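Colleague: I've got a protein model open and I'd like to learn how to read it. Can we go through it feature by feature?

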Amino acid sequence: MAWSVQTCKVLALTMGYICIAVFFTLTSYVVYVYYSTIALSVLEKKAYKKFVFHFIFGNWLVINVYFNYFMAWLSSPGLAKDYQNLASQYRKCKKCPNNKPPRTHHCSWCNLCILKFDHHCPWLNNCVGFYNHRYFFQFCCFMTLGCLYAGTFGYREYQIGLLGEQVFSYKDSIFHPFNILETMDIPGFITYYIFLAALTIGVLLVGLVWWHGRMISRGETSLERVLNQNYAQQCTDQGFVYVNPYDFGFVGNWKRFLGFQTISEFVRRVLLPSTHKPEGDGITWDGYNVNTNLGLHQQKSHQTTGPTGAQPNFPGGYPINRRRVVTPPWEQQNNPMRTSAVYQPKTPPTEAKESIKDR
């Protein structure tokens, strides 16, 4: 039996607040242990160079983790209902009364249409969309570094600060847990395993960052990855080539996503906390909107190679049916522009396909 909209929203909020509480509790405790035990131990041994390095590096990680988390949590991902005056030409959502611009999808947990929807994240108690996607990804990156840092340096230095030397190894946590409990008592035992948990989470986050980074490199979101794969297979079966119209190449996609063009901008906007907005408004995709610039794309598709610069890849660069543009059916306008006929692969009217496209 399907859950009601209100039930989904209440459940999402409840899970979100629990995840937020867990995040702040664990990270705050690790920071507290760092200052109350590890930092004091390093200073007592007069290892000043070591202290300065880890003080700067550790605080840089903490500031970036908390900054990007707060921004991803509290920033609006971009709600389609707030931009209806710019989206009247697009078809309406089947689950709410709003028009859906390109790359906009309906979140079943929030019951809202989100611009450039990626996914609903319970750890943020928020959707990841156009305006907070960068914050989410950078939080994952800095959190990965922070967890690996705590699980290696913190794991070792905590034992030195508490016992005077590193007594236990990683394998002891599996084969000799009672020896650890007897030596460290309950508070030390719990802290010891929190550092181990940080290392485990860091390893898992490496996979998550790699997965999201791979999609960013291709100019697609998590949901678009599924849609593009399904639609590309349909095109291939019918002798057509589908190329993601939002793909500007590896370097171009990363520059657009992170919002930098020079090395100095990379340092200021990526390595340091920055509140700069993403390029565009999330409604119209200047230069590569497959709907409003359909005629322009058809003209470009006659070329075997695109113009120089950051230009999107279209089927025009491929030998199979290279003179035809394939537009994803989930991004059609209500009243499309009058252009020559554009091939649309037949989409099987299955309930499963429709449910994916309406998300």
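Colleague: Let me start with a pair: are Arg103 and Glu224 buried or exposed?

Modeller: Before anything else, keep in mind that this is a predicted model. As for your pair, Arg103 is buried, and Glu224 is buried too.

Colleague: What do Arg103 and Glu224 form with each other?

Modeller: Here's the general idea: side chains of opposite charge can pair when their charged atoms come close. In this model, Arg103 and Glu224 form a salt bridge, with 2.7 Å between the closest N and O atoms. The two residues come from distant parts of the chain, 121 residues apart: Arg103 sits in the loop between α2 and β1, and Glu224 belongs to helix α6.

Colleague: How many salt bridges are there in the whole structure?

Modeller: A search turns up 4. One of them joins the side chains of Glu157 and Lys50, at 2.5 Å from N to O. Glu157 is in helix α3 (residues 133-163) and Lys50 is in helix α2 (residues 48-74), so this pair ties together parts that lie 107 residues apart in sequence.

Colleague: Which other residue forms a salt bridge with Glu157?

Modeller: That's Arg156, and here the closest N and O atoms are 2.8 Å apart. Put the pieces together and you get a network of salt bridges linking Lys50, Arg156 and Glu157.

Colleague: Why does Glu157 count as buried?

Modeller: You read that from the relative accessible area, and buried means under 20%. Glu157 has 3%, so it is buried. Its partners get another label: Lys50, at 30%, counts as partly exposed, and Arg156, at 37%, is partly exposed as well.

Colleague: Let's try Ser222. Where is it, and what does its side chain do?

Modeller: Ser222 is in helix α6, which covers residues 222-237. Its side chain makes a polar contact with the side chain of Asp118, at 3.0 Å. Leaving out residues up to four places away in sequence, Ser222 touches Asp118, Trp211, His212 and Met215. With a relative accessibility of 11%, Ser222 counts as buried.

Colleague: Now the cysteines. How many disulfides does the model have?

Modeller: The count is 0. To judge a pair, you check how far apart the two sulfur atoms are; the cut-off is 2.5 Å. Cys19 is in no disulfide, and its nearest cysteine sulfur, in Cys121, is 7.7 Å away. Cys19 is also buried, with a relative accessible area of 14%.

Colleague: And why is there no bond between Cys96 and Cys113?

Modeller: Because their sulfurs are 3.5 Å apart, which is too far for a bond. Cys113 holds the closest cysteine sulfur to that of Cys96. At 13% relative accessibility, Cys96 counts as buried.

Colleague: Let's zoom out. How many helices and strands does the protein have?

Modeller: You'll find 10 helices and 4 strands. Follow the sequence and the pattern reads α-α-β-β-β-β-α-α-α-α-α-α-α-α.

Colleague: What share of the residues is buried, and how much surface is accessible?

Modeller: The protein has 359 residues, and 45% of them count as buried. Its accessible surface comes to about 18,700 Å², with 64% belonging to carbon and sulfur atoms.

Colleague: And what share of the contacts joins residues at least 24 apart?

Modeller: Take the contacts between residues at least 6 apart in sequence: 68% of those join residues at least 24 apart.

Technical notes:
Residues are numbered from 1 along each chain as its sequence is written. This is a predicted model: local features need pLDDT of at least 70, side-chain atom pairs count only at pLDDT 80 or more; totals for chains, interfaces and linings use all residues. Side-chain values use heavy atoms; hydrogens and water are left out. Buried means under 20% relative accessible area, exposed over 50%, partly exposed in between (1.4 Å probe, protein chains only). A polar contact is a pair of N or O atoms within 3.5 Å; within protein, one must be able to donate a hydrogen and the other to accept it, and residues adjacent in sequence count only if both atoms are side-chain atoms. Contact means heavy atoms within 4.5 Å. Accessible areas come from the Shrake-Rupley method with a 1.4 Å probe; for residues, only the protein chains shown count as cover.
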